[in-house]
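Student: Could you take me through this structure step by step, with the terms explained as we go?

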Amino acid sequence: MQSEFVILGAGITGITVAAELKDRAVLLEKENSIGGLVRTHCIDGFWFDHVLHILHFRDDETEAYIKNILPEGMLQPCPPKAWIETEYGNVLYPFQLNIGALDDKMKMQCVHDFAKACFSSEKEQTDNYKDFLLNIFGKGMCEVFYFPYNKKLYKYPLEKINATQLSWNLHQPKFEDILEGAFFPNKYRETYNTHAFYPRPHKDATQRGMQVLTEALAKNVVNKKLNFTVTAINTANKTITGKSDGGEKQIKYDRCFSTIPLPVLMKMCSNVPPDLIEKVQSLENNIVYSVAVCIKGKRPENTGHWRYYTDENLPFTRLIFMTEFDEYNAPENGWGVLAEVSHYARNPALCIPDLEKKIIFGFKKLGLLDQNQVVHKVHTWIAEPAYVIFTHETKNIIEECHEYLKLYDITSSGRFGNWEYSSIYQNIRTALQWTKQFK
Ligand SMILES: Cc1cc2nc3c(=O)[nH]c(=O)nc-3n(C[C@H](O)[C@H](O)[C@H](O)COP(=O)(O)OP(=O)(O)OC[C@H]3O[C@@H](n4cnc5c(N)ncnc54)[C@H](O)[C@@H]3O)c2cc1C
């Protein structure tokens, strides 16, 4: 078989490219359904996104493109409300603008240390994430939230993480804003991520959650093959080999657009210099176990859309309350919580039954479950990779991979193809920009 464009992976990035290139492209996906991370699962009427998903837009063109794909009115504003639970008090997100919710001593400490960081004349430029956070927020805020949360999320020493790739969403607030939050905390404020959206189909729709977007985009895909696992790419004769229907299949391409995680892709390609293979294998990431808990009983109030947890004794980094996004994400007298558990990719896999027990125990400890609430079902799925961990070597390794792949007309893109921290909107924008050159 031959195709002008072969697209590897039917996540949001691959689907967008395939939808734009129509019959000039074939889309290959190893799973039996499309969507990659942007899938939504239904368990007895309880709907859960694969991981927390909310749409943020940063440019009008992509916003218009996405809104145009979905039926009118489907995408509803969903300015997120998130809480951060710390041992010194519960603080509304963003943490730094609400420190007045901490106990008096800690609040004072945070203001004092922020002033020191803000007005210090001897600030060192640093690309070490730990020092970078200290420079921006000061010691108090780092010790209450930024250090314990990021350690729990990345499961990696913060001083070994490179800050440059994470700095886009972290800016030093103005001193007057910190003071306002210290005096008048937990007031809802407009921030960079307030312009957010979530699909809300009608009550009896057969599909809910963010998967609505993948399904709508996929309607424009002409050629797709599910259950097709790409296993090798012969770069010399531009041939992709994969397993499908128990047999081996080959497809020749003029151009290949891959969204498969970069380390996996590089291992599949022929003739990659051994030293580059070795470097690629040193790329670091974490995994997220998404534990979906279906609960029967009255919905809790004032949870916000999600909550962050710094406590090391609780297994989850965040709890996501699905009915806050869409009231029909669960039956009337029920609610669903998605618990995100972060895990370092090189550590042995977690035992899922044990993990699920610990999650329920954690819910009880937090007072989320009382005698009137019944856990109906628990189910776990895994996002792997989930968060890329940027070390000081990551940027150069990625660049070297792209240079190699370009020689053979392979573009590696998307959150894991480009080994980046990106969002749905960014993936769609990048995919649209890439296809523009071939129209
Ligand atoms: C915990 C978490 C929270 C997030 N929250 C948000 C949010 O709130 N808002 C937001 O906009 N974004 C969010 N994101 C980011 C968003 O999910 C991603 O940017 C996006 O889904 C990436 O899409 P993709 O197509 O690049 O990759 P993927 O979705 O990973 O797609 C890659 C596809 O390739 C397939 N594949 C892999 N190997 C092979 C193979 N050998 N052969 C064939 N197919 C293969 C996979 O099965 C998959 O379908 C979040 C991500 C995570 C992990």
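Tutor: Two residues are in contact, or touch, if their C-beta atoms, placed from the backbone, lie within 7 Å. This is a predicted model, in which local features need pLDDT of at least 70 and side-chain atom pairs count only at pLDDT 80 or more, while totals for chains, interfaces and linings use all residues. Residues are numbered from 1 along each chain as its sequence is written.

Student: Which residues does Met 141 touch, not counting residues up to four places away in sequence?

Tutor: Met 141 is one of the buried residues of α5, where buried requires 20 or more other C-beta atoms within 10 Å of a residue's own, and helices are DSSP runs of H or I with at least four residues, numbered from the N terminus. Leaving out those sequence neighbours, the residues that Met 141 touches are Phe 95, Gln 96, Ile 99, Cys 110, Phe 114 and Tyr 146.

Student: Where in α5 does a kink lie?

Tutor: The bend at a residue is the angle between axes fitted to the seven residues ending there and the seven starting there. In α5 the kink is about 35 degrees, and it comes shortly before the proline Pro 148, at Tyr 146.

Student: How many residues of domain 3 are in contact with domain 2?

Tutor: The bounds, which come from an automatic or database domain assignment, place domain 2 at 95-183 and domain 3 at 284-388. Their C-alpha centres lie 27 Å apart. On the domain 2 side 8 residues take part, and the number from domain 3 is 10.

How values were computed. Helices (H or I, at least four residues) and strands (E, at least two) are DSSP runs, numbered from the N terminus. A residue is buried if 20 or more other C-beta atoms lie within 10 Å of its own, exposed if 12 or fewer, and partly exposed in between; C-beta atoms are placed from the backbone.
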